[in-house]
Amino acid sequence: MSATLVRTPSTAPPAEPPPRIVPTRRTGQWAAAAVVLVLLALALVSVVRNKAFQWDVVAEYFTSASVLRGLGLTLWLTALVMVLGFVLGTLLAVLRLSANPVLRAVSWGYVWFFRSTPILVQLLFWFNIGVLYPQILGVNTVNLLGPVAVAVIGLTLHEAAYAAEVVRGGILSVDRGQIEAAESLGLGRWRRLTRIVLPQAMRAIVPPAGNMLIGTLKGTSIVSVIAVQDLLYSTQLIYHRTYEVVPLLLVATLWYVAVTSVLGIGQYYVERHYARGTAGAR
């Protein structure tokens with residue numbers, strides 16, 4: 001008799017369904033967000049409804065002729081100082097990276113000195129240059145520099161020290177292999193700098209340069225101490241006459257906020273332009 005094999009049904013348990021993923025309840029975070037929103041709304045309502053801010057006076061002087069002239073001078077001064085500061089700063093950065101130890105020392109000393117002294121002190125020294133040096137090379141310096149010229153010189157020399165470090169950091173961020181490849185192609189030092197190094201360094205230069213631009217715009221308000229009729233000084237002239245200090249300060253504040261917001265948007269698009277082809281491009 002031959003044996004017959006009989007298959008018995010499998011007794012393995014059925015496969016269990018995968019566990020369902022339940023998102024974590026962030027009750028505390030939502031509660032904190034709600035509290036913050038409520039506090040912000042209360043603060044906004046208090047500012048809008050507080051009669052001490054005198055919003056009607058703010059609206060009256062916001063687009064007045066004297067305020068707009070002061071705003072125009074502020075924008076002009078900011079643009080001129082940034083252009084001159086970065087031109088001088090680029091030169092200082094190149095000198096700092098030079099193989100000549102004397103040029104490196106001079107550039108380092110310039111950056112060290114102007115970053116170590118407050119901008120207000122520098123402006124006051126330039127404003128009183130006629131007292132320190134009544135004559136330079138036979139030229140009478142007592143009435144040579146007006147307040148606007150003093151502001152341009154003082155702010156430019158100050159900004160150049162910071163621009164030099166920004167440009168130097170950008171140049172150092174360029175891969176050394178790029179420079180060696182340019183050298184192997186026989187490109188001169190100036191062409192290597194302008195065609196190879198600086199275009200690639202702009203990715204590292206633009207973000208801090210944009211912050212410097214916004215900082216310079218706000219920093220120009222310090223020239224009001226030497227009677228330059230910028231935006232802040234223009235509003236001060238008005239409230240010295242009308243004694244409406246708070247609303248006139250709000251006029252200056254709102255213009256600074258508006259202009260810096262526009263500059264911030266422009267900075268975003270410039271950064272995105274130079275970040276094309278990189279992981280940080282958006």
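Leaving out neighbours within four places in sequence, glutamine 267 is in contact with five residues: Val206, Pro207, Gly210, Asn211 and Ile214. The model is predicted. Glutamine 267 is part of helix H11. Its relative accessibility is 15%. Buried means under 20% relative accessible area, so glutamine 267 counts as buried.

Helix H11 also takes part in the largest nonpolar core. This core holds 17 residues. Tyr61, Val67, Leu231, Leu248, Val251 and Trp255 touch the most other members. Four helices each supply at least two residues of the core. They are helix H2 (55-61), helix H3 (65-96), helix H10 (231-242) and helix H11 (245-274). H11 gives the most, with seven residues.

Valine 67 shows how one core member is surrounded. Its contacts, again without neighbours within four places in sequence, include Tyr61 and Phe62. Leu231, Ser234, Thr235 and Ile238 are also in contact with valine 67. Val251 and Trp255 complete the list. Of these partners, Tyr61, Leu231, Val251 and Trp255 are also among the core residues that touch the most other members. A second core is separate and has 15 residues. Among them are Ala93, Val166, Val197 and Ala209.

The next results concern the whole protein chain. Its secondary structure consists of eleven helices and two strands. Along the sequence, the pattern reads α-α-α-α-α-α-β-β-α-α-α-α-α. The radius of gyration of the protein chain is 31 Å. The globule rule gives 19 Å for 282 residues. The value for the chain is well over this, so the chain is more spread out than a compact globule. Along the principal axes, the C-alpha atoms fill a box of roughly 135 × 70 × 30 Å.

Contacts were also sorted by separation in sequence. Among contacts between residues at least 6 apart, 74% join residues at least 24 apart. Buried residues make up 30% of the 282 residues in the protein chain.

The surface and the charges complete the description. The accessible surface of the protein chain is about 18400 Å². Carbon and sulfur atoms account for 66% of this surface. The protein chain carries 22 positive and 11 negative charges. The mean positions of the two sets are 7 Å apart.

Definitions and conventions
Residues numbered from 1 in each chain as written. Predicted model: local features only at pLDDT ≥ 70, side-chain atom pairs only at ≥ 80, totals over all residues. Heavy atoms only, no water. Rg over C-alpha atoms; globule rule 2.2 N^0.38 Å. Buried < 20%, exposed > 50% of the residue type's maximum accessible area, 1.4 Å probe, protein only. Contact = heavy atoms within 4.5 Å. Areas by Shrake-Rupley, 256 points an atom, 1.4 Å probe, with all protein chains shown as cover. Lys, Arg positive; Asp, Glu negative; His and termini not counted. Charge placed at Lys NZ, Arg CZ, Asp CG, Glu CD. Core = buried A, V, L, I, M, F, W, Y, C linked by side-chain atoms within 4.5 Å.
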